[in-house]
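Please read these comments beside the sequence and the coordinates. They are set out as numbered points, starting from one residue and moving to the whole chain.

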Amino acid sequence: MKFIIVFAALFALALAAPSDVEVLRSESEVGPESFQYAFETSDGTKSQAEGHLNNQGTEQEAIVVRGSYSFVGDDGQTYTVEYVADENGFQPQGAHLPVA
């Protein structure tokens, strides 16, 4: 169920793009314990992720998602973020992001 919620939220993000932006590619595969998706729009936005359930049926059960997204900023530069989201939280990395 959690996978469907994550997938639906990300898919809605792709569809919420301005009307003059076209979806060039949209792929998804959702299973009971894993998912993957990818999309690309005509404005240069791209996103892809895959997720799976770790330690299913245990007290340590957790969803692990790995992915990336990129977009063209108002300054014309393409920004890319790679991330992992797991039991340790959302962990983004990108050249434009500050490092602790």
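**Notes on the predicted model**

1. Phe71 has a relative accessibility of 31% and therefore counts as partly exposed. The model is a predicted one. Phe71 belongs to strand S4. Together with Tyr69 and Phe90, Phe71 makes up a nonpolar patch on the surface, and the accessible area of these residues together is about 280 Å².

2. Ser70 is also placed in strand S4, which covers residues 62-72. Is Ser70 buried or exposed? Ser70 is buried: its relative accessible area is 10%, and the cut-off for buried is under 20%. As background to this stretch, side chains in a regular strand alternate between the two faces of the sheet.

3. Which residues does Ser70 touch, leaving aside those up to four places away in sequence? They are Gly44, Thr45 and Lys46, together with Thr78, Tyr79 and Thr80. Lys46 falls within the span of strand S3, residues 46-54, and Thr78, Tyr79 and Thr80 fall within that of strand S5, residues 78-86.

4. On one side, S4 pairs with S3; the two strands run antiparallel and are joined by nine bridges. Two of the facing positions can be checked directly in the view. Leu53 is opposite Ile63 of S4, and Asn54 is opposite Ala62 of S4.

5. S4 also pairs with S5, again antiparallel, through eight bridges. Gly67 has Tyr83 in S5 as its bridge partner. The connection between S4 and S5 is a hairpin with five residues between the strands. In that turn, Gly76 has a positive phi of about 85 degrees.

6. How many bridges join S5 to S6? There are five, and S6 (residues 89-93) runs antiparallel to S5. Two residues make the link in the hairpin from S5 to S6. Tyr83 appears here again, with Pro92 as its bridge partner in S6. Tyr83 can thus be followed across the sheet, from Gly67 to Pro92.

7. The sheet as a whole is open and has six strands, in the order S1-S2-S3-S4-S5-S6, with antiparallel pairing. Its edges are S1 (23-30) and S6; each has a single partner strand, so one side of each has no neighbour in the sheet. On average, neighbouring strands are turned by 10 degrees against each other, with direction ignored.

8. For the chain overall, the secondary structure consists of one helix and six strands. Read from the N terminus, the elements follow the pattern α-β-β-β-β-β-β. The protein has 100 residues, of which 23% count as buried; Ser70 is one of the buried residues.

9. Two further totals complete the description. Among contacts with a separation of 6 or more, 19% are between residues 24 or more positions apart. The protein exposes about 6,900 Å², and 52% of this comes from carbon and sulfur atoms.

Note on methods. Residues numbered from 1 in each chain as written. Predicted model: local features only at pLDDT ≥ 70, side-chain atom pairs only at ≥ 80, totals over all residues. Heavy atoms only, no water. Helix = DSSP H or I, 4+ residues; strand = E, 2+ residues; numbered from the N terminus. Buried < 20%, exposed > 50% of the residue type's maximum accessible area, 1.4 Å probe, protein only. Contact = heavy atoms within 4.5 Å. Pairing = 2+ DSSP bridges. Axes fitted to C-alpha atoms, helices over the stretch in contact; angles between N-to-C directions. Patch = residues over 30% accessible without salt bridge, like charges linked within 9 Å, V, L, I, M, F, W, Y side chains within 5 Å. Areas by Shrake-Rupley, 256 points an atom, 1.4 Å probe, with all protein chains shown as cover. Salt bridge = Lys/Arg side-chain N within 4 Å of Asp/Glu carboxyl O.
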